[in-house]
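Could you walk me through this protein in the viewer, one selection at a time? I would like to know what to click on and what I will find there.

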Amino acid sequence: MSTVKAWAAPSATEPLEPTTIERRDVGARDVLIEIAYAGICHSDIHTVRGEWGEVPYPLVVGHEIVGTVTEVGSDVSRHQVGDRVGVGCMVGSCRECENCKAGEEQYCLKGNIGTYASKDEDGTITQGGYSTHVVVAEDFVLSVPEAIPYEAAAPLLCAGITTYSPLHHWNAGPGKKVAVVGLGGLGHMAVKIAHAMGAEVTVLSQSLKKQEDGLRLGADHYYATSDESTFKDLRNTFDLIVNTVSAELDLDAYLKLLRLNGTMVNVGAPPQALPLHVFTLFDQRRSFAGSGIGGIRETQEMLDFCAEHGIAPETELISADQVNEAYERVLASDVRYRFVIDASTI
Ligand SMILES: [Zn+2]
Ligand SMILES: [Zn+2]
C-alpha cells in the first residue's frame, strides 16, 4: 500500500480538509495514475452531504479524473507508463453478467463499483479523485486523446458520458430536434455534443440569462421555461428531450413538447418521486426514460468523438483549498460550467 495526499469530507456537515489515504499496491491488471485534474460534479456534493444515503466517512469524492500512468501491473496491455488516461464514475463490475458482457458495465446486474463510497473487490471502500494518485483496474481506465485540452478532459468522464450516452442511444443527429433542459455542467455538454452530432438543438432554461452562452455553445434556439408561451409554441416539436435538471418539474408540460414517438430522458436525479399522467404518453406515443452514465466502450467512443469534433467542457480551474468555496458556488449555479481541481495543489 502507499500513502497519498487527498482532500476528504470528515462528515456530512464539515468542510472538506486535506488528509492522507491509502492506495492499494498495483496488481497484475492495475495501473497507477498520477492525477493531474479532477472535476467537481454535483453528485460529489450530494454524496458528501449524505443526501443520497449513508456515507462511509472520511470520504474522498471525485469521479472525473485525468492523469498520467506512472506504473502498470505485469498483465496490463491497454495502457503504458506515460499515457494520458481518465477514470469516470466506476472502477469495476462483475465482468460476467449479460450487461457487462454487452459493454454496459454501468448496468451490471450485481451493481458496478463506484469510484468512491463503494465496496471494492478487496472489501475496502473506494476513494475518489480529489487525490494525487489512484490505482484502477486497466479495463476501467480510458485513453484521453491528446487533442482534448488536459484540464478540460476531466468533466467528460461524468458530464460528457452522461449526456453522450442518451444522445447516442436515441439517435440524435441530422434531421432530429433535440431539447436540452437546463444549461449547467451536464446541459452545456449535452448542447455541444448534440450540436456536433448534427441535431437541431434547443435549450429550455428557466430564464434567458444564459442565452448568449447557449447559442455560442451550439444551440440553435433558446427558450425560457418561466414564459408560459414556450410550452404553447413548442408543443409536439421534439424527437428527444434530455432533462439535466435535478429539481422538481411538471413532467406533463415537458412531455407535451415531444412529437410522435418522441422520448424524454432524465439524466438529472430529482430525489423525490415525480407524478405524470399516462394520457400524456398515449398521445403521440411518447416515452419517458432515464439513463445513467455509460459503459467503458461507449465512454472511449465519447472521448474520441470529442477529440474529433474539437469539443471540450468549459472549465474554471481551482486549487484544492478552494474546493469548499467551489461547492457553494455550484449550489448557487455560479459556475460556467465545471470546476476542475488542479491536483498538483492537493
Ligand atoms: Zn458525476
Ligand atoms: Zn456485471
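Let's begin with one side chain: select Phe 305, which counts as buried because its relative accessibility is 14%, under the 20% cut-off for that label. Keep in mind throughout that this is a predicted model.

**Stop 1: around Phe 305**

Phe 305 belongs to helix H10. Show what touches this side of the helix: apart from neighbours within four places in sequence, Phe 305 contacts Tyr 164, Ile 193, Ala 196, Met 197 and Ile 311. One of these partners, Tyr 164, leads us to the next helix, as Tyr 164 is among the buried residues of H4.

**Stop 2: helix H4**

Select residues 159–169 to see helix H4, where nine of the eleven residues are buried. The buried ones are Ala 159, Gly 160, Ile 161, Thr 162, Thr 163, Tyr 164, Ser 165, Pro 166 and Leu 167. What lies over them? Colour strand S10 (177–181), helix H5 (185–197), S13, S14, helix H10 (296–309) and strand S17 (338–342), which are included in the cover of H4's buried residues.

Now step just past the helix. Asn 171 follows H4 and sits in the loop between H4 and S10. Check its backbone: phi is near 60°, a positive value in a residue other than glycine.

**Stop 3: parallel strands**

Two of the elements covering H4 are S13 and S14, so select them next. Strand S13 (residues 238–243) and strand S14 (residues 258–266) run parallel and are joined by five bridges. To line them up, find Phe 238, which stands opposite Leu 258 in S14. S14 also runs parallel to strand S15 (residues 287–290), with four bridges between them. Here the pair to click is Met 264 and its bridge partner in S15, Phe 288.

While you are in S14, pick out Asn 261, which is found in this strand. Although Asn 261 is not a glycine, it has a positive phi of about 65°. Is Asn 261 buried or partly exposed? Its relative accessible area is 40%, so it counts as partly exposed.

**Stop 4: the zinc ion (ligand 1)**

Select ligand 1, a zinc ion coordinated by Cys 41 (SG), His 63 (NE2) and Cys 158 (SG) at 2.0 to 2.2 Å. Along the chain, these donors follow the spacing C-x21-H-x94-C. Cys 41 lies in the loop between S3 and helix H1 (42–48), and His 63 in the loop between H1 and strand S4 (65–72), so this pair ties together parts that are 22 residues apart in sequence. Both Cys 41 and His 63 are buried.

In the loop between H1 and S4 you will also find Pro 58. Look at the bond before this proline: Tyr 57 and Pro 58 are joined by a cis peptide bond, with omega about -10°. If you draw a line back to our starting point, Pro 58 and Phe 305 are 37 Å apart, C-alpha to C-alpha, and 247 residues apart in sequence.

There is another cis peptide bond to visit, between Arg 336 and Tyr 337, with omega about 0°. Tyr 337 lies in the loop between helix H11 (323–331) and S17.

**Stop 5: an antiparallel pair**

Return to S3 and show it with S8. Strand S3 (residues 30–39) and S8 run antiparallel, joined by five bridges. Click on Asp 30 to find Ala 137 of S8 opposite. Strand S8 (residues 133–137) is mostly covered, with four of its five residues buried.

**Stop 6: the zinc ion (ligand 2)**

Now select ligand 2. Which protein atoms hold this zinc ion as donors? They are the SG atoms of Cys 94, Cys 97, Cys 100 and Cys 108, lying 2.3 to 2.4 Å from the ion. The site is tetrahedral, with angles of 104 to 120° among the four donor atoms. In sequence, the donor residues are spaced C-x2-C-x2-C-x7-C. Cys 97, at 10% relative accessibility, counts as buried, and Cys 108 is buried too, at 7%.

**Last stop: zoom out**

Show the whole protein chain, with its eleven helices and 17 strands. Its C-alpha atoms fill a box of roughly 60 × 40 × 35 Å along the principal axes. The radius of gyration is 20 Å, which agrees with the value near 20 Å for a compact globule of 346 residues. Buried residues make up 55% of the chain.

Note on methods. Residues are numbered from 1 along each chain as its sequence is written. Chains are lettered from A and ligands numbered from 1 in the order in which they are written. This is a predicted model: local features need pLDDT of at least 70, side-chain atom pairs count only at pLDDT 80 or more; totals for chains, interfaces and linings use all residues. Side-chain values use heavy atoms; hydrogens and water are left out. Donors are N, O and S atoms within 2.8 Å of the metal (3.2 Å for Na, K and Ca); water is not among the atoms, so sites may look incomplete. Four donors count as tetrahedral if all angles lie between 85 and 135 degrees; four count as square planar and six as octahedral if opposite donors are over 155 degrees apart and all others between 65 and 115; anything else is irregular. Buried means under 20% relative accessible area, exposed over 50%, partly exposed in between (1.4 Å probe, protein chains only). The radius of gyration is taken over C-alpha atoms; the globule rule is 2.2 Å times the number of residues to the power 0.38. Two strands pair if DSSP finds at least two bridges between them. Contact means heavy atoms within 4.5 Å.
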